Amino acid sequence: MSILRKALTTAALATALIATGAHAETKRIALVVKALGIGFFEAANKGAEEAAKELGDVEIIYTGPTDTTAEGQIEVINSLIAQGVDAIAISANDPDAVAPALQKAMERGITVISWDSGVAKEGRQMHLNPSSSALIGNTIIKLAADHMTEKGDVAILSATSTSTNQNVWIEEATKVLPNYPNVNLVATVYGDDLADKSYREAQGLIQTYPNLKAIIAPTTVGILAASQAVTDAGKIGQINVTGLGLPSEMAGAVESGATISFAIWNPIDLGYAATMLAYNISNGAKAEPGAEIPMGRMGAAKLDDNNEAAMSDPFTYDKSNIEQFKSIF
Amino acid sequence: MTEISAAPRVIPDRLTSPLARALRSWEALLVVVAVAVFAINSFASPYFLNAWNLSDATFNFTEKAMIAFAMAMLIIAGEIDLSVASIIALASTAMGIAMTAGFDTPALVAVGIGTGVLCGALNGVFVARLGLPSIVVTIGTMSLFRGISTIVLGDEAFTNYPDSFAWFGQGYVWWVFSFELVLFAVLAVVFFVLLHRTNFGRSVYAIGNNPTAALFSGIRVNRVRFILFLLTGLMSGIAAVCLTSRLGSTRPSIATGMELEVVTMVVLGGVNILGGSGRIMGVVLAAIIMGLVTFGFGLLNVPGIVMSIFLGLLLISVIAVPRLLAKVRK
């Protein structure tokens, strides 16, 4: 009797093991980047690995061409199709040129999403933007307002007057101004994303507006030039330079205090969220307008009419975390 | 016969038998390398031996190889064309303009190939008529052609190519044989005949070995040179049609850096970079080897930079080893 029971339990156990074995087949998710050896994407890979660890049954294939060419990415995509990966999450070098290859991937049952730098609509199931114009517009004003104790003048130093991205962000920023009564926006000037012109425009602002409390530069060139101008004018502590910048370039300004805090998307979060989305869509989540697809600790991605979603507010960098990120990107 | 005559002297018809010569040839070495790469790939990745996957892999080299055929003849004649990738960019841009103007597929193909021929003719005029060194001329036109494309497009792109146009880069003639693969095979035969079976081909070798002697033997040296540049332009135009169709779009950065891969293919194929010798079969094999190596490494997710290092080492070793052996023999 006991022998029979033993045999039965062993058989049951074996069946259970086989069943879980079949279940535990790992999902292979390819994180395709613009080119290997770029700090921003290495950081995204860290986030992807974090997501893989959290999910357990995921293997990340971190890959990309040597140069930032569409042809190189297509060769990579073809080899991923041949390997029969479960999902491809790509930051594209060219939104159109990679689309035919990605369409082929989808025809062979591979989940395809784009993140950071998008792919034309027909070449992916969804696109994850690091942030949205509205979130960026709000963040840059908030960054200035957070460090103002009383009402004061604030000026914007932008890129060119025709830069699509910056213009949309500034438009969104002006919409939220009523929420921040301390912020008195006095001027918007254009440094054309040239270091010397941005520096001169910032100098002009400092001289023209004696009550200036903050300069907002939603461009990596502008914020760097403005923080330099404030430092050279000896106005550290009086004028706070903020906006969108790269941690590696801004580390000095944060050290000196010319910039108290600034923002930009966090590549680790982006790689993490892209992996989560690829995993969930590959497991049956429908990528369609209006859908909400979970992305782990980053919440859920809400898809718009173009199947695009925004991840989150831009990530804020200050003295507490600049050391950690300045070596990443 | 030798048994009857006691004379010890034998004068052979040929110095070596054709078979022995074939076995010791560059092409034989390349066949060995190709088979080795194929075998290693089959063992290294379970995904390699699959008709569709191998078919996908051919796209890694078909366009480059088309240009490499014409480039091989140009290099054998002692010239070089570094503007081929830029010709692709300009031809692709011209097709984009034609597409925007409302032309359909046949006209687009004609525009692409026509632009390529015109670019080749420009190079040819500078080199053959004005007598300028080809490396200088084509470095210049390399910037010129891509520059025009960049001015026209800026950071924009042409994208709405007609559906029927996609066939050249994405279509299949039969089963796994893509249009590009079939075109590659047909062109290989055409260039084999042109280089190895016609008077024109012989004159290319003659010019590469000694242009002055070729001139005095009655070969119209500059005309041959001009035709060779025209041919390279033509092939670049055809490659532009295929690549544009495969990408379904045009950007000024299209085919960046392709000229060096084409030259690598030609040199790996056993064409003497100083001119005078080389065979089409070698270029065909080199193209296949480069395609298999890139694809095999891709399947193993080897980073691209390692692939470049490997190709560089392969190139240096296949050039150095025979010369070192020759020195050792001496």
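Helix α6 of chain A runs over residues 164-176, and its 13 residues reach 19 Å from the first C-alpha to the last, close to the 18 Å expected at 1.5 Å a residue. Keep in mind as you look at it that this is a predicted model. Which residues of α6(A) are buried? They are A:Q166, A:W169, A:I170 and A:A173. These residues sit on the same side of α6(A), because they cover an arc of only 100 degrees around the axis. The general rule behind such a pattern is that an α-helix has 3.6 residues a turn, so residues three or four places apart point the same way. Turn the helix around, and the face away from the buried side of α6(A) shows you the exposed residues A:T164 and A:E171. As for what the buried residues of α6(A) pack against, the partners are α5 (133-145), β6 (152-158) and β7 (183-190), which belong to chain A as well.

From here, let us move to the nonpolar cores. The largest nonpolar core has 149 residues, and those that touch the most other members are A:I88, A:L277 and B:I88. Helix α14 of chain B, residues 280-299, gives this core its largest share, 14 residues. If you would like to explore the surroundings of A:I88, leave aside residues up to four places away in sequence; A:I88 then touches A:A30, A:V32, A:I77, A:L80, A:A105, A:I110 and A:V112. Another core, of 47 residues, lies apart from the largest one, and its members include A:I156, A:V183, A:Y199 and A:A253.

Next comes the place where the two chains meet. Chain A brings 23 residues to the contact and chain B brings 27 residues. On the side of chain A that touches chain B, the elements giving two or more residues are β2 (58-63), α3 (70-83) and α4 (99-107) of chain A. The largest share of that side, 10 residues, comes from α3(A). By character, the chain A side divides into 10 nonpolar, 8 polar and 5 charged residues.

Finally, how far can you trust what you see in chain A? Its average pLDDT is 88, and 93% of the residues score at least 70. Within chain A, confidence is highest in strand β3, residues 87-90, at 96, and lowest in helix α1, residues 2-23, at a mean of 47. Over residues 11-24 of chain A pLDDT stays under 50, and the model has 1 contact beyond four places in sequence for that stretch. Where pLDDT is low, the predicted coordinates should not be read in detail.

Terms used
Residues numbered from 1 in each chain as written. Chains lettered and ligands numbered in written order. Predicted model: local features only at pLDDT ≥ 70, side-chain atom pairs only at ≥ 80, totals over all residues. Contact = placed C-beta atoms within 7 Å. Helix = DSSP H or I, 4+ residues; strand = E, 2+ residues; numbered from the N terminus. Nonpolar A, V, L, I, M, F, W, Y, C, P; charged D, E, K, R; others polar. Expected span 1.5 Å × (residues − 1). Buried ≥ 20, exposed ≤ 12 C-beta atoms within 10 Å, placed from the backbone. Arc of directions from axis to C-beta. pLDDT = per-residue confidence, 0-100. Core = buried A, V, L, I, M, F, W, Y, C linked by C-beta atoms within 7 Å.
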